[in-house]
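Please open the model in your viewer and keep the sequence panel beside it, so that each selection can be followed in both places. The tour moves from one group of elements to the next.

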Amino acid sequence: MDEATGEQYTSPFSPGYGKQPLVFGGHEREIVELTDVFDSLDFGENHSVLLSGLRGAGKTSMLSLLQNAAADRGWLVISEDASRGLMKRVMNSTIPTLIGGLESSAKVRLTGFNLWKFGANWEYEDRAREAVPQLRNDLVALSAARDGRGILITIDEVSSGKVRLRELSEFAVQVSHALNDGANIMIVFAGIKVDIDELIKQEHTTFLRRSRDLDFRRLSPAETRRVLAETSELGGRRIEPAALELLVSISQGYPYLVQLAGDYAWRNNQTARTITLPDAKVALDRAIRAVQSRVISKVYLDLSDQDREFLAAMAVDEGRTRTADIRDRMQVSDQYVQIYRRRLIDSGYVQPDGHGYVRFSLPYLDRYIRTVVGITPDPEDDVPDEWAHYPAPEL
């Protein structure tokens with residue numbers, strides 16, 4: 001475990017997709033309130049929850065946290081993404097699998113609903129009726145057969161494509177009927193805000209408009225420092241102050257980058273009891289290049305030509321930019337600029353920063369655009385934000 005023995009400390013950081021971090025930054029109160037439902041069945045506003053925000057900001061990790069907490073308390077968990085065929089997968093695969101794992105007493109109760117067939121030793125065989133089964137009936141029966149214990153449904157990667165939205169709408173209306181019939185269900189949708197907004201506009205998703213909203217964006221510098229330090233301590237090591245400050249600057253409060261930079265610094269010398277400044281400097285180069293390759297470049301490719309033009313007009317400035325300057329640089333109308341301003345804010349790439357100003361909210365996106373377009377930023381008239389004391393370092 002240390003330099004004396006030559007054994008390695010295992011990294012406690014979790015930069016992999018959707019992995020639950022040991023220390024979750026932000027949303028502490030919401031986590032407590034949501035997980036308390038799994039014990040109390042006192043739902044309040046938490047029957048339906050919408051998680052929205054930046055890619056890599058922790059939405060899928062939050063889903064994982066909720067899934068683990070629900071399973072630990074005896075809830076059934078249905079975990080899916082919003083890809084095509086959602087209803088069929090849940091009805092034909094997920095629910096039969098859940099039924100197969102139920103205790104015998106619950107299976108005895110299920111027979112009273114005349115929905116499924118069971119063979120010897122209560123092995124699940126098939127659906128018992130010829131009529132087309134409905135998800136609402138399955139959910140109500142499963143909830144009732146288990147003494148009212150709940151069902152957590154998580155749907156990740158919500159998409160605003162027409163086919164996907166139609167399927168999600170059909171799925172949501174079945175869940176809403178099950179809720180009206182008394183089933184103890186918490187359903188959580190996760191996606192980028194523009195896609196979540198399109199989902200709740202659908203004709204049959206009225207109940208989702210009363211959902212609890214959790215917005216996932218950047219952490220504050222203080223939260224970033226806490227997550228890095230506490231995660232390292234849980235792994236049995238400490239981070240020296242200079243290294244910690246550099247890791248805070250590298251990660252810029254972006255949750256994926258917090259885990260990635262911490263992991264790179266940790267692995268540079270896994271036998272030492274302390275993560276040092278040279279370890280953090282290794283993370284500087286590797287983490288920024290990795291996030292540019294894995295996230296930033298893909299974000300840029302997904303943007304429309306008009307989105308790119310708007311962001312290029314922003315990237316002329318170091319820090320925040322006046323919307324009026326963007327309009328003048330693009331040579332378009334105020335109305336045109338406002339359309340793309342709102343769209344990019346809802347996508348999480350841009351954030352308002354005072355009346356008439358915007359600022360990049362996805363770290364390193366501005367630098368990537370300057371590199372692609374060939375822009376030298378103008379630092380004049382910039383107003384610092386909470387990250388002013390932790391500027392993103394250069395490679």
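Begin by selecting S10, S11 and S12 in this predicted model, where the 3 strands form an open sheet in the order S10-S12-S11 with antiparallel pairing. Colour strand S10 (321-322) and strand S11 (350-352) apart from the rest, since these are the edge strands, each of which pairs on one side only. Now look at S10 together with strand S12 (residues 357-360), which pair in the antiparallel sense over 2 bridges. To find a particular bridge, select Arg 322 and then its partner in S12, Tyr 357.

Next, add helix H12 (residues 305-314), which packs on the sheet and touches S10, S11 and S12, while its direction makes about 100° with that of S12. Then show helix H14 (residues 334-347), which lies across S11 and S12 and runs at about 110° to S11.

Leave the sheet and select helix H8 (residues 221-234) with helix H10 (residues 255-267), whose axes come within 11 Å and cross at roughly 40°. Angles from 35 to 65 degrees count as oblique, and H8 and H10 are therefore oblique to each other. Is the crossing of H8 and H10 left-handed or right-handed? The crossing of these two helices, H8 and H10, is right-handed.

Finally, display side chains where they touch: H8 contributes Thr 224, Val 227, Leu 228 and Ser 232, and H10 contributes Val 258, Gln 259, Gly 262 and Trp 266. Sorted by class, this contact of H8 with H10 has 4 nonpolar and 4 polar residues, and no charged residues.

Technical notes: Residues are numbered from 1 along each chain as its sequence is written. This is a predicted model: local features need pLDDT of at least 70, side-chain atom pairs count only at pLDDT 80 or more; totals for chains, interfaces and linings use all residues. Side-chain values use heavy atoms; hydrogens and water are left out. Axes are lines fitted to C-alpha atoms, for helices over the stretch in contact, and angles run from 0 to 180 degrees between N-to-C directions. Helices (H or I, at least four residues) and strands (E, at least two) are DSSP runs, numbered from the N terminus. Angles under 35 degrees count as roughly parallel, over 145 as roughly antiparallel, 65 to 115 as roughly perpendicular and the rest as oblique. A crossing is left-handed if the near helix is turned anticlockwise from the far one by less than a right angle, and right-handed if clockwise. Contact means heavy atoms within 4.5 Å. Ala, Val, Leu, Ile, Met, Phe, Trp, Tyr, Cys and Pro count as nonpolar, Asp, Glu, Lys and Arg as charged, and the others, Gly among them, as polar. Two strands pair if DSSP finds at least two bridges between them.
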